[in-house]
Amino acid sequence: MITVVLISHTPDPERTIAAAARVSASPVGAVELLDKLTPDRVDKLIERLISSGHMSVFEHASFTFAIEGISRVTSHQLVRHRLASYTQQSQRYVSLRDFKYITPASVNARSELAGRYHEMVRAAHRLYLEMLDAGIPAEDARYVLPNAAETRLVMTMNARELIHACSLRLCLRAQWEIVELFEHIKAEVEKVAPRLAAELKPKCYRLGYCDETESCGVFPTRAELGERPGGST
Ligand SMILES: Cc1cc2nc3c(=O)[nH]c(=O)nc-3n(C[C@H](O)[C@H](O)[C@H](O)COP(=O)(O)OP(=O)(O)OC[C@H]3O[C@@H](n4cnc5c(N)ncnc54)[C@H](O)[C@@H]3O)c2cc1C
């Protein structure tokens, strides 16, 4: 089961973003501006920053998450987001004697294949243990472990990258496990920055159409809207 816990964040993240944005066009500094920013003003500023595409100010708020119970498939997809910091449990330094792994629902739904799936993963783990016991280092024995292997990590992402990553990973065309992971991430941000969390959404909600070749059905694709590539009808 995926668990995501927001372990730390920039204090008052939304006001920090709003104050930073106001600095650019104000005769006074951020400390004074912070005092004057009402919650309503912060909400309106965030809305304006998003609609005008003034995204760099969102980099002033960062969020650190403890993430557990995801597969190595998903951690590999996650770390493709380069504007974040990651620390992942090492398969070199930690011997995985107590081995946990992820089983997709599509596999679980097919009992005849699910049995073979579990058998194969457990056989791989048995060989892994046998190699450890024979003195092979964990860093080499791990080559036999599957992508299904569970992992844990700590990730720090600023709000700008969170908005970007969510636009890609909350899209239902992304894989189910990373969609679920980002749903948990969004739920954690919502607890401390609800206005910002409202901006964590699939890209189609901003575009007004689906830019994938096939839509999940929430918005039509450009082709379905009758647009030619690179221009309107
Ligand atoms: C549905 C889906 C399917 C995918 N399938 C594949 C696949 O088959 N194969 C594959 O290899 N990957 C795949 N990916 C990963 C994808 O190509 C990206 O690597 C990943 O989504 C990270 O996003 P990003 O590149 O926008 O940027 P991030 O790393 O999140 O960076 C954020 C933004 O910063 C800027 N930026 C960051 N680094 C640079 C840089 N070096 N130079 C210039 N600008 C930069 C860009 O504007 C970028 O959008 C897939 C992703 C999704 C969502």
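**Figure 1. The largest pocket of this predicted model****.** Let us start with empty space: the volume of the largest pocket is about 260 Å³. Its lining is made up of 14 residues, and those closest to the pocket centre are Q89, D98, K100, E150 and R152. Two elements, β2 (62-71) and β4 (150-158), each give two or more residues to this lining. Rolling a probe the size of a water molecule over the atoms is what shows where such empty space is left.

**Figure 2. Who lines the largest pocket?** Here we stay with the largest pocket and look at its walls. Strand β4 gives the most to the lining, with 3 residues. Sorted by class, the lining residues of the largest pocket are 5 nonpolar, 4 polar and 5 charged.

**Figure 3. The shell of residues around the ligand****.** Now we turn to the ligand. Around the ligand you will find R80, H81, R82 and L83, together with E161, H164, L168, R169 and A174. By class, this shell holds 3 nonpolar, 2 polar and 4 charged residues.

**Figure 4. Polar contacts to oxygen atoms of the ligand****.** Three members of the shell deserve a closer look. R80 places a polar side-chain atom 2.9 Å from an oxygen atom of the ligand. For R82, a backbone N or O atom is the partner, lying 2.7 Å from a ligand oxygen atom. E161 has a polar side-chain atom 2.4 Å from an oxygen atom of the ligand. On its own the ligand has 940 Å² of accessible area, and the protein covers 46% of that.

**Figure 5. A tilted pair of tyrosine rings****.** To finish, have a look at the aromatic residues: there are 3 aromatic pairs in the structure. In one of them, the ring centres of Y101 and Y117 are 6.4 Å apart and the ring planes meet at 45°, so this pair counts as tilted. The two partners come from distant parts of the chain, 16 residues apart. Y101 sits in the loop between β3 (84-88) and α5 (105-108), while Y117 belongs to helix α6 (residues 111-133).

Definitions and conventions
Residues numbered from 1 in each chain as written. Predicted model: local features only at pLDDT ≥ 70, side-chain atom pairs only at ≥ 80, totals over all residues. Heavy atoms only, no water. Near = heavy atom within 4 Å. Polar contact = N/O pair within 3.5 Å; in protein donor to acceptor, adjacent residues only side chain to side chain. Areas by Shrake-Rupley, 256 points an atom, 1.4 Å probe, with all protein chains shown as cover. Nonpolar A, V, L, I, M, F, W, Y, C, P; charged D, E, K, R; others polar. 1 Å grid on protein atoms, 1.4 Å probe; cavity = no way out; pocket = protein on both sides within 12 Å on 5 of 7 lines; lining within 4 Å. Points joined across faces, edges and corners; volume = space filled by probe spheres on them. Helix = DSSP H or I, 4+ residues; strand = E, 2+ residues; numbered from the N terminus. Phe/Tyr/Trp six-rings, centres within 6.5 Å; stacked < 30°, edge-to-face > 60°.
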